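Biologist: Could you walk me through this protein chain, one question at a time? I am just starting out, so plain words please.

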Amino acid sequence: MTEARPGAADARREMASLRIECLSCGDVRVLHPVSHHRLEEGECPRCKYVGWAASAEMDETLRRRVRTRPLERRRLHAA
């Protein structure tokens, strides 16, 4: 029988959830991160688009600009 590390449950409880929204249709999802696991956004269940952004980082002007831009012009640019 394996015993859980002391504080492991506390660490999971302290990890904040992340509210994200689809960059195409605006559908909102809440991700609940698990310690040492990668967050998997996947495709939007409503429109099947795979672009997501943290809701806290978006304002209405940016949302409008992103959603009105044609899909072929939405590219990631290396910094």
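Biologist: How much area does the protein chain expose, and what share of it do carbon and sulfur atoms supply?

Modeller: This is a predicted model, where local features need pLDDT of at least 70 and side-chain atom pairs count only at pLDDT 80 or more, while totals for chains, interfaces and linings use all residues. Residues are numbered from 1 along each chain as its sequence is written, and side-chain values use heavy atoms, leaving out hydrogens and water. Accessible areas come from the Shrake-Rupley method with a 1.4 Å probe. The chain exposes about 6,700 Å², and the carbon and sulfur share is 51%.

Biologist: What percentage of the 79 residues is buried?

Modeller: Buried means under 20% relative accessible area, with a 1.4 Å probe and protein chains only. Of the 79 residues in the protein chain, the buried share is 24%.

Biologist: Which pattern does the protein chain follow along the sequence?

Modeller: Helices (H or I, at least four residues) and strands (E, at least two) are DSSP runs, numbered from the N terminus. The chain has two helices and three strands. Read along the sequence, they give α-β-β-β-α.

Biologist: What is the strand order in the open sheet?

Modeller: Two strands pair if DSSP finds at least two bridges between them. Here the pairing is antiparallel, and the order is 2-1-3. The strands that pair on one side only, at the edges, are strand 2 (28-31) and strand 3 (52-54).

Biologist: Which residue in strand 3 is the bridge partner of Ile 20?

Modeller: Strand 1 (residues 18-22) and strand 3 run antiparallel, joined by three bridges. In strand 3, the partner of Ile 20 is Ala 54.

Conventions. Buried means under 20% relative accessible area, exposed over 50%, partly exposed in between (1.4 Å probe, protein chains only).
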